[in-house]
Amino acid sequence: LFRSPKQLHPHSWPVPRVAATAMFFRSPLLLRDKSKRLAVQLVSSVQTGFRYWTEKSPLKKDTRIALRKYDPIVNRHVMFYEAALSKPVKRIRRPRPLAWARWTGRNIQDLVKNVARKHEKLGYF
């Protein structure tokens with residue numbers, strides 16, 4: 001094979017994209033789907049525990065989906081109904097007292113007293 005000097009130059013070699021790709025997909029924000037469609041879970045009416053996942057339009061979020069689909073556990077087509085998805089519980093995040101005192105300047109005297117007391121007790125900050 002004949003290669004030109006430009007092709008043999010080390011800076012022209014293909015760069016492995018593994019590290020850049022791995023770093024790109026570590027962010028949960030970038031992994032999130034940008035679609036406005038809502039993910040719904042369809043549960044078998046025969047109560048076999050078999051489920052399908054699908055999407056529906058956000059305009060139809062008030063109506064429940066009912067589809068006739070194949071259930072491999074009973075080996076036949078049955079009705080599947082949309083199951084309600086539980087949303088994760090969000091915890092209320094309160095600011096830490098030390099940071100809150102620094103930001104607002106309120107109750108700073110109490111903070112100074114606590115630090116002085118700790119210094120007297122331990123001998124260092």
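Q47 lies in the loop between β1 and β2. In this predicted model, the phi angle of Q47 is positive, at about 60°, although Q47 is not a glycine. Such a value merits mention because most residues other than glycine have a negative phi. Q47 counts as exposed, since its relative accessibility of 73% is over the 50% that marks an exposed residue. A second case is N75, which is placed in the loop between β3 and β4. The phi of N75 is near 60°, again a positive value in a residue other than glycine. N75 is likewise exposed, with a relative accessible area of 56%.

These loops belong to a protein chain that contains 5 helices and 4 strands. Read along the sequence, the elements follow the pattern α-α-α-β-β-β-β-α-α. The chain has 125 residues, of which 11% count as buried. Its accessible surface comes to about 12,100 Å², and carbon and sulfur atoms account for 58% of that area. Among contacts between residues at least 6 apart in sequence, 29% join residues at least 24 apart.

The largest nonpolar core consists of 5 residues, namely V40, L42, I65, V78 and F80. Strands β1 and β4 each supply at least two residues of this core. For V78, one of the core residues, the contacts beyond four places in sequence are S44, S45, V46, L67, R68, K69 and D71. F80, another member of the core, has a relative accessibility of 0% and therefore counts as buried, the limit being under 20%.

Aromatic rings were examined next. The count comes to 3 aromatic pairs. In one of them, F50 and Y52 are arranged edge-to-face, with ring centres 5.3 Å apart and an angle of 85° between the planes. The arrangement is called edge-to-face because the angle of 85° is over 60 degrees. F50 is partly exposed, with a relative accessible area of 24%, and Y52 is also partly exposed, at 22%. F50 forms a further edge-to-face pair with F80, at 6.4 Å centre to centre and 75° between the planes. This second pair links distant parts of the chain: F50 is in the loop between β1 (38-44) and β2 (51-56), whereas F80 is in strand β4 (residues 76-83), 30 residues apart. Through such ring pairs, F50, Y52 and F80 are joined into a cluster. The cluster thus includes F80, which is buried, together with F50, which is partly exposed.

The ring of Y52 also has a charged residue over it. K69 lies over the face of Y52, at 4.6 Å from the ring centre. K69 is located in strand β3 (residues 66-71) and is partly exposed, with a relative accessible area of 27%. Setting aside residues up to four places away in sequence, K69 touches L42, Y52, R76, H77, V78 and F80. Three of these names, L42, V78 and F80, also appear in the largest nonpolar core. The C-alpha atoms of K69 and L42 are 9.6 Å apart in space, although the two residues are 27 residues apart in sequence.

A further view of these strands is given by V43, which is found in strand β1. With a relative accessibility of 22%, V43 counts as partly exposed, because this value lies between the limits of 20% and 50%. V43 and Y81 are 38 residues apart in sequence, yet their C-alpha atoms are 5.4 Å apart in space. Beyond four places in sequence, V43 touches F50, R51, M79, F80, Y81 and A83. These contacts include F50 and F80, the two residues of the aromatic pair that links distant parts of the chain.

Among the helices, α5 (residues 108-122) was compared with its expected length. At 1.5 Å a residue, its 15 residues should span 21 Å, and the end C-alpha atoms are 21 Å apart, so the two values agree. Helix α5 is followed by G123, whose phi is positive, near 90°. Positive phi values thus occur at G123 as well as at Q47 and N75.

How values were computed. Residues numbered from 1 in each chain as written. Predicted model: local features only at pLDDT ≥ 70, side-chain atom pairs only at ≥ 80, totals over all residues. Heavy atoms only, no water. Phe/Tyr/Trp six-rings, centres within 6.5 Å; stacked < 30°, edge-to-face > 60°. Buried < 20%, exposed > 50% of the residue type's maximum accessible area, 1.4 Å probe, protein only. Lys NZ or Arg CZ within 6 Å of the ring centre and 35° of its normal. Core = buried A, V, L, I, M, F, W, Y, C linked by side-chain atoms within 4.5 Å. Contact = heavy atoms within 4.5 Å. Areas by Shrake-Rupley, 256 points an atom, 1.4 Å probe, with all protein chains shown as cover. Expected span 1.5 Å × (residues − 1).
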